[in-house]
Amino acid sequence: GMTRETNSVLRKKFNDIIKIKPNIQNVVCTVDLNTVLDLKKIALKAKNTEFNPKKFHALVIRSREPKATALIFKSGKMVCTGTKTENEAKEATLKFLKVIKQAGFSSAKIKVSIQKKNFEVRNVVATCDFKKSIKLETVMFAYRNQCMYEPEIFPGLIFRPEKSKIVAIMFLTGKVVITGAKSFDDMWRVYNFLIKIFLDLNVLY
């Protein structure tokens, strides 16, 4: 009876875990317009902008739909943040490019078509809640070379898979933040790796 019971407990754990899916919190992307911009001119002509060069040398533009914020630099580089999907990020980026165009920067200079080489996802930030405590010490001992855990300094265990720029921050409460992924695939890869670790080490309780 013992093994059957253990198997059903494990199966339930497995089923509970795989139901949990990461929530995308933010997609950060960049576009290079390959042209020098007059930020003051854009700020004067466009709505929903902030430009205070003494404080910060980028122009800030906000969009309500999709909800996003752009940082635009004199060099023509733009960072778009705040969207939840890659399509939203592209949509917001096009919207911001339109604002720049309407401020008088000729479309000949600005390639409004978001080309592969121009538009790049830089970071996908996701969170998940396993709704159970995570035994962080156990994870730490099993993956010592990939972990940083100093609870008196920071309550989360910082887990960086080998040869990866992606970081997963795990908290005792069962919450996990994944950041640094350059694509949704990369984020999912790390997420699936975490699930495997949690099941292998049996650290959710």
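How many bridges join β2 to β3? The two strands run antiparallel and are joined by 2 bridges. Strands here are DSSP runs of E of at least two residues, helices are DSSP runs of H or I of at least four residues, and both are numbered from the N terminus. Two strands count as paired if DSSP finds at least two bridges between them. Within the pair, Thr49 stands opposite Ile61 in β3.

The model is predicted: local features need pLDDT of at least 70, side-chain atom pairs count only at pLDDT 80 or more, and totals for chains, interfaces and linings use all residues. Residues are numbered from 1 along each chain as its sequence is written, and side-chain values use heavy atoms, with hydrogens and water left out.

The chain is assigned two domains. Domain 1 covers 4–20 + 130–201, and domain 2 covers 26–122. These bounds come from an automatic or database domain assignment. The C-alpha centres of domain 1 and domain 2 are 35 Å apart.

An open sheet of 10 strands has the order β2-β3-β4-β5-β1-β6-β10-β9-β8-β7. Its pairing is antiparallel. The edges are β2 (49–50) and β7 (147–148), each of which pairs on one side only. At the β7 edge, 2 bridges connect β7 to β8 (residues 157–159) in the antiparallel sense. Met148 has Ile158 of β8 as its bridge partner.

Toward the β2 edge, β3 and β4 pair in the antiparallel sense over 5 bridges. Leu59 is placed opposite Ile72 in β4. The two strands form a hairpin with 4 residues between them. Burial is set by relative accessible area: buried is under 20%, exposed is over 50%, and partly exposed lies in between, with a 1.4 Å probe and protein chains only. On this scale β3 is mostly covered, with 4 of its 5 residues buried. In β4, 4 of the 5 residues are buried, so this strand is largely enclosed by the rest of the structure.

The next pair is β4 with β5. These strands run antiparallel and are joined by 4 bridges. Ala70 has Cys80 of β5 as its bridge partner. This hairpin also has its residue count: 4 residues lie between β4 and β5, and Gly76 takes a positive phi near 95°.

Lys67 lies in the loop between β3 and β4. Lys67 counts as exposed because its relative accessibility is 65%. Contact means heavy atoms within 4.5 Å. Leaving out residues up to four places away in sequence, Lys67 touches Gly82 and Thr83. Lys67 and Thr83 are 16 residues apart in sequence, but 6.2 Å apart in space, C-alpha to C-alpha.

Two helices lie across the sheet strands. Helix α3 (residues 86–102) crosses β1 (23–32), β3 (59–63), β4 (68–72), β5 (77–83) and β6 (119–129). Helix α3 runs at about 135° to β5. Helix α5 (residues 184–201) lies across β1, β6, β8, β9 (167–170) and β10 (175–181), at about 145° to β10. Axes are lines fitted to C-alpha atoms, for helices over the stretch in contact, and angles run from 0 to 180 degrees between N-to-C directions.

The largest nonpolar core has 55 residues. Such a core is a set of buried Ala, Val, Leu, Ile, Met, Phe, Trp, Tyr and Cys residues joined through side-chain atoms within 4.5 Å. Phe130, Met170, Val176 and Phe198 have the most contacts inside this core. Its largest share, 7 residues, comes from α5. The core draws at least three residues from each of domain 1 and domain 2. Residues up to four places away in sequence aside, Phe130 touches Ile17, Ile20, Gly174, Val176, Tyr191, Ile195, Phe198 and Leu204. In soluble globular proteins, nonpolar side chains tend to be buried together.

A search of the whole structure for disulfides finds 0. A disulfide is a pair of cysteine sulfur atoms within 2.5 Å. The sulfur of Cys29 has its closest cysteine sulfur in Cys80, at 4.3 Å, which is too far for a bond. Cys29 is buried, at 1% relative accessibility. For Cys147, the closest cysteine sulfur is in Cys128, at 16 Å, also too far for a bond. Cys147 counts as buried because its relative accessibility is 11%.
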